[in-house]
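Student: Let us go through this model by question and answer. Where do we start?

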Amino acid sequence: MKDSYEVIVVGAGPAGVAASLICRKRGYNVLLLDKKKKEKIGDKVCGEAISKKTVLKAMEKLSIAPPLEEEIKAQIEDLVLRTALPKNHITFPAIGYMIDRHKFGQRLLQEAIKSGVILKNQCRVKEPIVIDNKVSGVLIKDSEHNSIEILSKMVIDCSGTMAVVRTGLPQEYEPKLNKKVTKADFAPCYREIIQLNHNHDLEGKIVLQYEIDIPEPGYIWFFDEGKKRLNCGTGFIKQGKHATKSVKSVYFNALEKYFPQGTYKTLDGRGDVVPIRAPLWNAVGNGLIVAGDAAFHADPLTAEGHGPALMAGSFAGEVACNALEQNSFELEDLWEYNLLIVKEFGADHARNRILTKVLEIIGPEKLEFLLKRKVVKQSDLTSAGIMKKRSFMDYLGRVVRCFPKYGLLLMMRKAISTSKAIAKHCEIYPTTPESYEAWKSKILDLYSQVT
Ligand SMILES: Cc1cc2nc3c(=O)[nH]c(=O)nc-3n(C[C@H](O)[C@H](O)[C@H](O)COP(=O)(O)OP(=O)(O)OC[C@H]3O[C@@H](n4cnc5c(N)ncnc54)[C@H](O)[C@@H]3O)c2cc1C
């Protein structure tokens with residue numbers, strides 16, 4: 001094995017495989033590192049729902065066949081937000097697949113290896129190597145516990161929620177990307193795949209079921225995996241009064257209401273964490289690009305991070321290749337990546353973070369009230385709905401229906417106007433790093449208005 005590469009990609013999840021494939025297809029030598037055994041790569045605790053539009057776009061970018069029949073567990077048509085009274089629900093069109101992540105991930109990995117990407121598996125990246133404020137490689141521990149330094153021109157951190165390169169940057173590294181994981185940024189989750197004794201009635205649906213007993217964001221999910229099979233789980237931020245609550249027992253209590261013990265068999269049950277904040281506003285530094293969960297690229301509302309990781313990895317690969325062509329790896333050479341992310345999904349995810357904050361604040365009980373009285377309607381929560389100008393009569397109707405809980409209505413109004421302001425601010429994301437700090441301070445100010 002060479003000890004120097006043009007590109008090192010850390011992590012062979014969707015972001016990492018996409019990044020390494022793009023770099024290899026553009027002719028660069030790429031080392032892909034993962035701590036897992038090769039045959040375990042792609043196997044991750046996940047809801048396994050993926051948007052068709054995103055996955056097809058990503059596969060086209062990577063010149064790889066879309067999900068194959070044997071990788072698709074079910075076709076999805078709707079995302080349903082439901083409260084305890086089943087009549088209270090909002091349905092969004094959500095065309096997608098329930099995908100076998102392990103099989104799909106293995107195929108992507110094989111494609112990368114076939115294209116000439118060098119995989120070093122069962123090797124744990126410990127920290128980045130930084131020379132003159134440039135990320136210039138990584139320090140690894142291999143399967144025999146040897147510590148080895150590997151150098152590269154570019155490093156792409158796709159190591160998932162631990163973000164081992166980004167969080168391992170020395171304090172003096174500029175720009176400051178080394179924010180450590182905080183409890184508020186992640187929701188520990190417990191997820192099961194269950195085989196029911198009977199057919200369920202959720203065909204084509206992914207359901208977020210809001211429950212009073214589940215701490216914020218407050219739902220158990222039920223995703224259709226076939227006539228008798230469901231992918232279910234819950235997760236919440238473990239802080240404040242919920243710090244010591246067990247995710248697993250909250251999950252079992254909620255599940256019992258819908259699928260009592262004895263009516264199903266558990267095929268797989270495991271825990272993991274999901275990021276639930278807005279994306280990193282800047283995810284590049286000299287010699288470094290951060291993609292996927294490592295840069296908080298999952299949707300904070302739905303936890304959908306698989307498609308965004310594929311897209312972010314592809315963008316990271318493209319921008320890294322452009323830098324390699326110029327032989328220049330400074331912050332400004334990589335800045336374009338941030339613009340691509342904001343445009344592709346960053347603005348939507350930033351807006352959805354406001355929505356999750358509002359759902360966290362109002363809680364399932366009040367959400368039920370708002371839905372029952374039609375103070376909030378399905379169409380309000382789509383991108384178009386949020387941006388739509390409302391008439392005076394429309395507002396008046398909602399005021400009447402919201403009686404006597406006007407505080408809630410005011411909060412919804414505030415949240416919608418903040419969402420609009422965030423979307424507008426994302427449209428003017430700075431094209432160079434110079435005006436970034438001023439831009440960021442405005443967006444943080446907008447967020448603080450909803451906390
Ligand atoms: C419970 C749960 C449910 C979810 N449901 C959905 C869903 O329904 N739909 C959806 O789209 N998304 C879902 N997600 C999110 C989705 O799984 C992630 O957003 C996605 O996997 C991110 O891809 P990634 O490539 O960034 O990271 P990952 O898939 O996490 O890949 C990271 C890779 O890096 C490797 N690695 C980590 N640290 C090191 C190290 N130190 N050295 C070497 N290698 C390392 C890991 O082994 C892994 O292979 C869910 C997540 C969770 C936890």
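Student: How do the residues of the shell around the ligand divide into nonpolar, polar and charged?
Tutor: This is a predicted model: local features need pLDDT of at least 70, side-chain atom pairs count only at pLDDT 80 or more, and totals for chains, interfaces and linings use all residues. Residues are numbered from 1 along each chain as its sequence is written. Ala, Val, Leu, Ile, Met, Phe, Trp, Tyr, Cys and Pro count as nonpolar, Asp, Glu, Lys and Arg as charged, and the others, Gly among them, as polar. The shell divides into 21 nonpolar, 11 polar and 10 charged.

Student: Which residues come nearest of the 42 around the ligand?
Tutor: A residue is near if its C-beta atom, placed from the backbone, lies within 6 Å of the molecule. Of the 42, the nearest are Gly11, Gly13, Gly47, Gly292 and Gly305.

Student: Is H1 roughly parallel or roughly antiparallel to H3?
Tutor: The axes (lines fitted to C-alpha atoms over the stretch in contact, angles from 0 to 180 degrees between N-to-C directions) of H1 (residues 14-25) and H3 (residues 101-115) cross at roughly 25 degrees and come within 9 Å. Under 35 degrees counts as roughly parallel, over 145 as roughly antiparallel, 65 to 115 as roughly perpendicular and the rest as oblique. So H1 and H3 are roughly parallel.

Student: Is Leu359 buried or exposed?
Tutor: Leu359 is found in helix H7 (residues 336-372). Buried takes 20 or more other C-beta atoms within 10 Å, exposed 12 or fewer, partly exposed in between, with C-beta atoms placed from the backbone. Leu359 has 21, so Leu359 is buried.

Conventions:
Helix = DSSP H or I, 4+ residues; strand = E, 2+ residues; numbered from the N terminus.
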